[in-house]
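Please find below a colleague's note on this structure, set out as numbered points. It is meant to be read with the sequence and the three-dimensional view at hand.

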Amino acid sequence: MIERVHEHLIEELRTNTRTDTIFVLTAIALNLIALAVNSAVAMAEGTTTTIVMFTFAALIIVVNLVAELGLIKGRQTREQLLTGLLRMYRDNGVDGYYDPSLLAAYRTRYNLFMLAVLFTGLVALVIPFVIR
């Protein structure tokens, strides 16, 4: 039974990693695309271009908010799963093979991902309006 629980926890960690990767890549790709589109639109004149710029700005805000919240939840989930694995390893006397400091490393990695998403989002929001 313990093997099945271990397999389940490992599969949940894989799913967590895939989901977090999708959040980060989607947010950064959207930010870069929106930056390019809004920068090009900012050079044009007219009411329509302003509406397009603000629409893209709203999209950037929503997608980045979803990505940031998703990464926060992903970090929490990973910590819970790894804590459970460590407990299981400790109970079975094999905890020496997993360094608990990896939890801090994962937390740092999540913070860096969140910073990258946030910063590209801010750049995608600010630069087109500066150009305008």
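1. In this predicted model, helices H1 and H3 meet through a long list of residues. From H1 the participants are Asn16, Asp20, Val24, Ala27, Ile28, Asn31, Leu35, Asn38, Ser39 and Ala42. Their partners in H3 are Tyr110, Phe113, Ala116, Val117, Thr120, Gly121, Val123, Ala124, Ile127, Pro128 and Ile131.

2. The geometry of this pair deserves attention. Two packed helices are described by the angle between their axes and the distance between the axes. For H1 and H3, the axes come within 8 Å and cross at roughly 15°. Angles under 35 degrees count as roughly parallel, and H1 is therefore roughly parallel to H3. The crossing of these helices, H1 and H3, is left-handed.

3. Helix H1 also packs with H2. Here the angle is about 160° and the axes of H1 and H2 lie 9 Å apart. Since angles over 145 degrees count as roughly antiparallel, H1 is roughly antiparallel to H2. The crossing of H1 and H2 is left-handed.

4. The spans of two helices can be checked against expectation. Helix H3 covers residues 102-131, which is 30 residues, and at 1.5 Å a residue it should span 44 Å. The end C-alpha atoms of H3 are 43 Å apart, so the value agrees with the expected one. Helix H2, with 45 residues, reaches 66 Å from its first C-alpha to its last, close to the expected 66 Å. Just after H2, Gly93 takes a positive phi of about 75°.

5. Which residues of H3 are buried? They are Leu103, Tyr110, Met114, Val117, Thr120, Gly121, Ala124 and Pro128. The cover over these buried residues of H3 includes helix H1 (2-42) and helix H2 (47-91).

6. Leu122, also placed in helix H3, may be set beside that list. Its relative accessibility is 44%, and Leu122 therefore counts as partly exposed. The C-alpha atoms of Leu122 and Leu35 are separated by 9.8 Å, although these two residues stand 87 residues apart along the chain.

7. The largest nonpolar core has ten residues, namely Leu9, Leu13, Leu81, Leu82, Leu85, Leu86, Met88, Tyr89, Tyr98 and Leu103. The elements that give two or more residues to this core are H1 and H2. Helix H2 gives the most, with six residues. One member, Leu86, touches Tyr98, Pro100 and Leu103, when residues up to four places away in sequence are not counted.

8. A second, separate core has seven residues, among them Ala67, Leu71, Tyr110 and Val117. Two of these names, Tyr110 and Val117, also appear among the H3 residues that meet H1.

9. Where is Ala44 found? Ala44 sits in the loop between H1 and H2. With a relative accessible area of 31%, Ala44 is partly exposed. Leaving aside neighbours within four places in sequence, Ala44 is in contact with Thr49 and Arg132. The C-alpha atoms of Ala44 and Asn31 are separated by 20 Å, and these residues are 13 residues apart along the chain.

Definitions and conventions:
Residues numbered from 1 in each chain as written. Predicted model: local features only at pLDDT ≥ 70, side-chain atom pairs only at ≥ 80, totals over all residues. Heavy atoms only, no water. Helix = DSSP H or I, 4+ residues; strand = E, 2+ residues; numbered from the N terminus. Expected span 1.5 Å × (residues − 1). Buried < 20%, exposed > 50% of the residue type's maximum accessible area, 1.4 Å probe, protein only. Contact = heavy atoms within 4.5 Å. Core = buried A, V, L, I, M, F, W, Y, C linked by side-chain atoms within 4.5 Å. Axes fitted to C-alpha atoms, helices over the stretch in contact; angles between N-to-C directions. Parallel < 35°, antiparallel > 145°, perpendicular 65-115°, else oblique. Left-handed = near helix turned anticlockwise from the far one by under 90°.
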